Structure formats: structure tokens, C-alpha cells
Amino acid sequence: MVSIVMRITEKYVRHAMVMFTANYAVCLLFSRLYIGNTRFFTQEKGIGAAVVLGVISGFFYLLCFVLLQKNICHNGVILSSATMKLGSVLIPVLIAILLFHEPMGWIQLAGISIAAAAIVLINMEKGSREKGHISQGRKKLWLTLLLLGSGLTDTMANIYDKTGTEVLKNHYLFYTFLAALLTALVMALLKKQKIRLADIGSGLLIGIPNYFSARFLLLSLGKIPAVIAYPVYSSGTIMITSMAGLLIFNEKLNFHKKLALVLILSALVLLNLKI
């Protein structure tokens, strides 16, 4: 829904940072509600990690949203969402292996290889510039930055999951969205962006699915195995946004991009399997 709403409202949005500020205001409101009666400036052990990692995560969260908006504009909702989900799985897996020394089986190795093939395939188009359009080289750069940004964002959640306190997860989300909100607000002021109802309205619409997508994933992981939750979450997102891109927005994919999409879906499943 985040990608679809961004795609629908992109022609109405003039000031992106105003939109992001409204989006994170909604996320922050829901985060505060789910903390409940617990103080968000609690002295409970582990609050320091929640604050520090939350602030860093908030910066990456905003960066990822900016990159997603740019990519939807230049590369369409299908390829942008697929690349974002690929980064959200590929980079955390690689960092988990290198940083946390988690074992990698042949299935995960196959997933990484297929993901690398998809990235190469996406970049096989010639870097020519069409009149009035951004060059293919610039489009590839935006996709690469989105892959890295989304990967770093989800890596922060993985780091908190391994080093943080379970009971402070809502606090972690609160500080994440607070940092993202303040960063977006400062950038909007520095850029002297004016408040427009269209920008605020778009941000409010994005904020609702943005918060609950994160929350529902956490709830799912508490009820079903991660090897089921993550493949459904990632591949399901890609399939829904792909259907929306094709049926609602009439986006077209050439052979290379269609094959890359299939490879991305396959890589996402393999990267989340544990045998």
C-alpha cells in the first residue's frame, strides 16, 4: 500500500519532506498509542540501545523513503518495490553472516547468487539518454541506492532484534519514527518547503500502512516461523505491487526486467529458507 499510494499521489506532491513529515507524524502517533501507559522515557534496562539504534534506524528509514519515491518516479512501482524487497533480504543476510557469524547453507548461497544475477540483469540495458527522460544510467543508480538503503534500514531492525530488549520493541519503533520525523521536519524547513494540503494528505495516507506493515510483521513473527513470514511478506508485496503496476498504472516491463522480477522472487524465497 505504501508504494501504491506513493504512485497514485506522486503527481499531486510538490514538497516531499512535508509529505514525509506528515507520514512520520502518523507513525509516531500510533507508536505512542501502542506503548500504552508505559513511559517512553523509561529507566528500564536496555532503553539506551532502543534510543541509539532507533535514532540511526530513523535516519535510514527516511533515506529509504526518499529513494523509494525517486525510484517510483523514474523506474515505476513494480521494479522499485522488487528492488527494495531484494535489498531488505539480501543485505541483512550478508551482514548477519559477516557480523553475527551466522551459518550459511547452500540454499542461502544459491539465493545470493540468483539475487546477484537479477542485479546484473537489471543493469544490462544500455545507458542511453532519451529526450526529455532521465538516462538509463541514472535509473540504475537510483535502483542501486534503493537496494542499499532498504538493506541498511532492515539491518538496523535485525541488529536491535539481536542486541535489544524484547519488551522495549515499541519504544524502539517510537524513537525510530521520532528521529525520522525530526529529520524530515528539519529538511523541510531548510528547503523552505511550503505546507500544502496535498502533501500533508499524501503523507497521512502513507503513514497508516507504513506503521502497520512494520507492526503486523512483528506480530506475524511472534505467531509463525520466520521462514514462512518473511517469504510471504517479501514475495507477496512484490506480487501485489506488480499486479497494481500492470493493471492500474499500465506499466510495461521488457524481457530483461520480467526475468529479473522472476529471479528476485526466487532469490527472496531461497534466502529465507533454512534446511
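Hi everyone. Let me start with a pocket: helix H2 (16–35), H3 and helix H6 (169–190) each supply at least two residues to the lining of the second largest pocket. What you see on the screen is a predicted model, so please keep that in mind throughout.

How much space lies in this second largest pocket? About 350 Å³. Its lining is made of 18 residues, and the ones nearest the centre are Ala 16, Met 17, Val 66, Gln 69 and Lys 70. Which helix gives the largest share of that lining? That would be H3, with 8 residues.

Let's step back to the whole chain. It has 9 helices and 0 strands, so if you walk along from the N terminus, you read α-α-α-α-α-α-α-α-α. The protein chain has 275 residues, and 48% of them count as buried. Now think about contacts between residues with a separation of 6 or more: 87% of those in the protein chain involve residues 24 or more positions apart. As for the outside, the accessible surface comes to about 14,100 Å², and carbon and sulfur atoms own 69% of it.

Next, find helix H1, residues 2–9. H1 is mostly covered, with 6 of its 8 residues buried. Those buried residues are Val 2, Ser 3, Ile 4, Val 5, Met 6 and Thr 9.

H1 also brings us to the enclosed spaces. How many cavities of 30 Å³ or more does the structure hold? The count is 2, and the largest cavity has a volume of about 50 Å³. Around the largest cavity you will find Met 6, Arg 7, Thr 9, Glu 10, Val 13, Met 19, Gln 69, Ile 72 and Ser 202. Two elements, H1 and helix H3 (47–99), give two or more residues to that lining. H1 has the largest share, 3 residues. By the way, Gln 69 is a name you have heard before: it lines the largest cavity, and it is also among the residues nearest the centre of the second largest pocket.

Two more names from that cavity lining, Arg 7 and Glu 10, take us to the charged pairs. The structure holds 3 salt bridges. In one of them, the side chains of Glu 10 and Arg 7 meet at 2.9 Å, N to O. Glu 10 is partly exposed, at 30% relative accessibility. Arg 7 also meets the side chain of Glu 251 in a salt bridge, at 3.4 Å, N to O. Why is this pair worth a look in terms of sequence? Glu 251 lies in the loop between H8 and H9 while Arg 7 is in helix H1, so the pair ties together parts that are 244 residues apart in sequence. Is Glu 251 buried or exposed? At 11% relative accessibility, Glu 251 counts as buried.

The remaining bridge joins Arg 196 to Asp 199, with the closest N and O atoms 3.1 Å apart. Arg 196 is partly exposed, with a relative accessible area of 27%, whereas Asp 199 is buried at 0%. Going back to the earlier pairs, shared partners join Arg 7, Glu 10 and Glu 251 into one network.

Now for two loops. Lys 192 sits in the loop between H6 and helix H7 (197–223), and Asn 250 lies in the loop between H8 and helix H9 (255–271). What is the phi of Lys 192? It is positive, about 55°, although Lys 192 is not a glycine. Asn 250, not a glycine either, has a positive phi of about 55°. Lys 192 counts as exposed, at 71% relative accessibility, and Asn 250 is exposed too, at 53%.

Just before Asn 250 there is something to see on the surface. Met 243, Leu 246, Leu 247 and Ile 248 form a nonpolar patch there, with about 420 Å² of accessible area together. Leu 247 belongs to helix H8 (residues 226–247) and is exposed, with a relative accessible area of 63%.

Gly 236 is in helix H8 as well, and it is partly exposed at 24%. Its C-alpha atom is 9.3 Å from that of Leu 265, which is 29 residues away along the chain.

Last stop: Thr 153 in helix H5 (residues 136–163). Thr 153 counts as buried, at 7% relative accessibility. Leaving aside residues up to four places away in sequence, Thr 153 touches Phe 60, Tyr 61 and Cys 64.

Thanks for listening!

Key:
Residues are numbered from 1 along each chain as its sequence is written. This is a predicted model: local features need pLDDT of at least 70, side-chain atom pairs count only at pLDDT 80 or more; totals for chains, interfaces and linings use all residues. Side-chain values use heavy atoms; hydrogens and water are left out. Helices (H or I, at least four residues) and strands (E, at least two) are DSSP runs, numbered from the N terminus. Buried means under 20% relative accessible area, exposed over 50%, partly exposed in between (1.4 Å probe, protein chains only). Contact means heavy atoms within 4.5 Å. Accessible areas come from the Shrake-Rupley method with a 1.4 Å probe; for residues, only the protein chains shown count as cover. Patches are made of residues with over 30% relative accessible area and no salt bridge: like charges are joined within 9 Å, nonpolar side chains (Val, Leu, Ile, Met, Phe, Trp, Tyr) within 5 Å. A salt bridge is a side-chain nitrogen of Lys or Arg within 4 Å of a carboxyl oxygen of Asp or Glu. On a 1 Å grid over the protein atoms alone, a cavity is a set of points where a 1.4 Å probe fits but cannot get out, and a pocket is an open set with protein on both sides within 12 Å along at least five of seven lines; lining residues have an atom within 4 Å of a point. Grid points are joined across faces, edges and corners, and a volume is the space filled by probe spheres set on the points.
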